[in-house]
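Subject: Structure for your files

Dear colleague,

Here is the structure I said I would pass on. Please look it over before reading my notes underneath.

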Amino acid sequence: MNRDTSPFRPASTGASPTPKHASLTASTNLRYSLTRKSIYDRHLNRTKTSELSKSAFAFLFGEMVQHAQKKVYGVQDLEKKLNQHGYAVGQRFLELLLWREGRTAKRETRILGILQFISHSLYRAIFQKPADTLEKVRENEDEYMISDNDPLVNSYISVPKEMSQLNCAAFIAGIIEAVLDGHCFPAKVTAHTAPSDMWPGRTVFLIKFEPEVLEREGLRHGST
Amino acid sequence: MAGSTTSYYFVIIGTKDNPLYEAEFGTFKQGGDGVPKFREEQRHMNQFIAHSSLDCIEDLQWASKEMYLKTVDKFNNTWVSCFLTGGNIKFLLLHDARSDEPIRQFFTDVYDLYCKTLMNPFYEVNMAIRSQTFDQKIKAAAKKYL
Amino acid sequence: MALPLEIPPRARSAIGASKASPMYNLRSSIVSTGSTTSLASLFAGTGASLPRDIVDDIKSVIHHAFVPHIAVHVSDDVNDIIREKGLPDLYQLIRSYGEKVQGRITARDSQGSSVTFEDFAVRFVRLSDIAQRPDRNSRNGAGSTLRNGGQWDGASAESMNSEELPLVDELLDLHLSHAEELIETSLATEAESHTGQAFYLLYLRKLLSGFPVTSHETFSHPVACLIAISSRNPSPIDTLRQLYKSGAEMEIPGYVNKEYLRYYVLVHDEDKDDIQKSTALFEQMKRHFGLHCHLLRIRSSMCIVSDEDSVPLAKSQWLPASDELAELHSRQEDDIEGDSLSRFIHGSDESAIKTMIREMVAQSIIPFMERNIASWNDQILSRRKGIGGRVLSFSRRFLGSTATRSATNSATASNFDPVTNSYDPVTPEAQMRKLADWAFMLRDWKLAYDVYNTIRTDFNNDKAWLHVAGAQEMTIISLLLTGQAITPKIRTDTIDVYLDAACYSYVTRFRAFYAALRCLLVTVELLRLSGGSSAELAAKWAIKALDLNIRPTVGRALISQRVGDCYAVRQGAGSGGWGGRRRKAAMWHVLAADTWIQLGKYAQARHCIDVAMPRYMSTEFVYIRRFLDQLKLDSGHVNLLDLGSMKISDDTEKDSADTDDVDEEKVDIAEALIEEGEKPRFDGKRRSILIPQTANGDAPGMMTMEESFNDRPL
């Protein structure tokens, strides 16, 4: 479709496309269509069953943590950074997962439903195993916990003593947060190290929902 | 005007009521030429109708777990069909006759294209989609099903 | 972004020096010769001057629309006295005082318990007006023919065939122009001018002011007739008899029951006549005509502002649009001093009139209505039982009628007269309708609902479609007034179905647009008052009412705006406003603004835009933005001089939008710094409950919180 006649360009490019921008798209477009396939020509299931090398992943993850570490002011900030990286992954994984379910795909509309989805379907899709537990915090209505006895991302991470607070599974927390957000269950998800006798690397993801989530849940389903 | 006058307005709306992608198309069914036949004043009405139907969608999204919500709203003779993704992105199609199944197929193709867009690491949720390939593929899907 | 904003001619006139049409200028020149008070007096009786409590209370508008009508039939000598006072006739003198009967009025309902009304009202009409508004059918009776299997070209329908509607529009247009003028000349700020719902209420009231006299409902049929003579009459008793006779012989439509209450009034001239004589005459009247008599003592001299006890003559709020228009036009032609003089009466006259009306209503009319309601209720029902062999448990049980038409009854001849499209007033059907209407006027909604609900089926069996539609309309209205909770089932099975059917009958069978519009708008208001989902239903039917009003008229603009108001009522639940209809409300306000601009009512348009704007403040929908910018321009919301700067600011906005993302990131980092330490503390000692995971990852749909979280061991 001719860009200039299209009425449906968002405001910033609609009325007066800058010549520079226009020529750029024109040339790249030409190259795409003749030589290379675009992202739209790849099937979304292409990588569904293929396995990734764990060491390669660990290397990339380690690099990511180190990269993130360069521009931060402390442990909290680093975790936040990791959370953001995970968030971007989570947003994509959510849609991809539902797409792969095809016609049977369902959006979850309740807190328990979405938590089950995360701890089971999502976790299995990413780590090939469900999360180890899903718990509700007794004292606080708005808090839930998902635990992972041995988070994959932490396999080759050793936390220095002075940063004992750090848990790089904040990356996974970000994924969880993105999925909750996507389903309109805004929450704050944080990763905490909670070693047990059997699992020294056990990590708990603490999910604290925004107040409106509980309010809505009460309104929608309170009577049923 | 020869052929059918059925025209469609399609819009993808992000999580902040922001349009990510818009398209108009006519029908190819019954000898239609695929050219949208909206009068000029219908242009803003289409956007108003789509925008206002979000009220209904926000209601329905908690009542149903389906992603395809079928027709969610009606304004005069315009129906609004909606497909709601897991990430709360809405695909809306304005049409003037009810036909659930072809629209579902169309939306399914759109979802495929949207997911692919999302796989692009340089694309972020709620960003306007300006890829011409996307545009072409959407129009091909419309031609196929609508 | 810079949108190509064209400046249309209408906007130019809106923003330019001359905002007014020639006609507008003409009128403003007329008023400008007077003082500001005369400006106000020209439009006294608009929403702006109404007491707030009435303006706000939509229910009171509806209550006051369905009130007993009292015909006024007087001798010439009475009107002579009134003319000396500077008013045309007795009817004009007393009519506005019927709109609020002094003090409390008590009536008994069908259960025998008494109900008190603070704001009871009656409507006075000239008896001759009822006669003058006959349906054409009764004149050229055979003219109406049966068409297309039961479709009626019924003439009684024609009289409600929307003649009034253009007049209501015209009147509102006049009022609105006046309001615009006040705003333009800075005599009133936009806030003062009640751009909100005041004009809609005025529209509604005018719509409900002049119920046409028709066969399918009896609201406009007189409940009583006020017969008056004066102390100047040489042969008073004979004149009264004569008035009785001439009233009875007057050519009123056959379906109007003439057995209304006669109320005899002797108007005594305080200034010229001897009270002794009048009292004697009054005693004589009472002997001849019984208790329904009153001696009204008023002064015949003209009253001017400077008189000691002068009070302004109350303005009638319920003047039919046609009358009010005529009055406004005639007053424009009149010179100004004549105009202001006629507006005052003596305080003693006012209290005498108020007392008379109160006495008449409380001691004669209400008891008369109660008696009739009780006896009709007993008689007709028992008779119907006899005729139809049906068992009716009505008025004893809500939703009582389980009557099914028996085969024997359908075989008997129907009482419906298809030629006049009416029932004779003595038939049980007509009396039942009257019973329901009267119960409705005395606000016994339950009884009214029961009766409407029952006669609906009777009318249906007679194929009296106009009557069916009327009964359907009133069934819904009385149901909504009972205050019963409106369940989704009632909404879909009763309200939707009956409204649809009634509108179909009114519009398609009878082309009775007025009746359809009244039916819709009253229902819409009542639904709107119920709020929630009912408000959404109200919006739906208000949209339907728009279909009756295709052309851009004041009515259309007002109703569009009302659709928005209906949606706005549905605020949604909780802090998130879930289930609200804010976007829809905004859209309808924008559409209303568009219509207002087409009508040249820029203040109204600006008001609508103001209401809608927050919803679209930062919308990225290009056409919506462009349309709104155009509307703002057209309505004078944006000054032309600001236009240049607006474009610039738009451009800068675009630039800043491009850099927004970067900014946000910066902000994020900054926030991160501030939020330091916000991470919840985790001590590993939190007590928790294990949530069992289902194999397929589905939520345990049926499991409730209680079940899943009952102290289960970890």
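The notes below cover the contact between chains A and B, the sheet of chain B, and chain C with one of its helices. Please keep in mind that this is a predicted model.

Chains A and B

On the side of chain B, 27 residues are in contact with chain A, where 26 residues take part. Three elements of chain B each supply at least two residues of this side: strand S2 (19-26), helix H2 (100-119) and helix H3 (132-145). H2(B) gives the largest share, 7 residues. By residue class, the side of chain B that touches chain A has 12 nonpolar, 8 charged and 7 polar residues.

The sheet of chain B

Chain B has an open sheet of 5 strands, with antiparallel pairing and the order S2-S1-S5-S4-S3. S2 and strand S3 (68-75) of chain B are at the edges; each has a single partner strand, so one side of each has no neighbour in the sheet. On average, neighbouring strands of this sheet are turned by 20° against each other, with direction ignored. S2(B), one of the edge strands, is also among the elements supplying residues to the side that touches chain A.

At the other end of the order, S3(B) pairs with strand S4 (residues 78-84) of chain B through 6 bridges, in the antiparallel sense. Within this part of the sheet, B:Lys74 has B:Trp79 of S4(B) as its bridge partner.

Helix H1 (residues 40-60) of chain B lies across four strands of that chain, namely strand S1 (7-13), S3, S4 and strand S5 (90-95). H1(B) runs at about 125° to S3(B).

Chain C

Chain C contains 30 helices and 14 strands. Of its 714 residues, 45% count as buried. Among the contacts in chain C with a separation of 6 or more, 73% are between residues 24 or more positions apart.

I looked at one helix of chain C in more detail. Helix H22 (residues 488-509) has 22 residues and spans 29 Å from first C-alpha to last, close to the 32 Å expected at 1.5 Å a residue. H22(C) does bend, by about 25°, at C:Ile495. C:Ile495 is also one of the buried residues of this helix. The others are C:Tyr498, C:Leu499, C:Ala502, C:Cys503, C:Ser505, C:Tyr506 and C:Arg509. In an α-helix there are 3.6 residues a turn, so residues three or four places apart point the same way. After H22(C) comes C:Arg511, with a positive phi near 50°.

Regards

Definitions and conventions
Residues numbered from 1 in each chain as written. Chains lettered and ligands numbered in written order. Predicted model: local features only at pLDDT ≥ 70, side-chain atom pairs only at ≥ 80, totals over all residues. Contact = placed C-beta atoms within 7 Å. Nonpolar A, V, L, I, M, F, W, Y, C, P; charged D, E, K, R; others polar. Pairing = 2+ DSSP bridges. Axes fitted to C-alpha atoms, helices over the stretch in contact; angles between N-to-C directions. Buried ≥ 20, exposed ≤ 12 C-beta atoms within 10 Å, placed from the backbone. Expected span 1.5 Å × (residues − 1). Bend = angle between axes of the 7 residues up to and from the residue.
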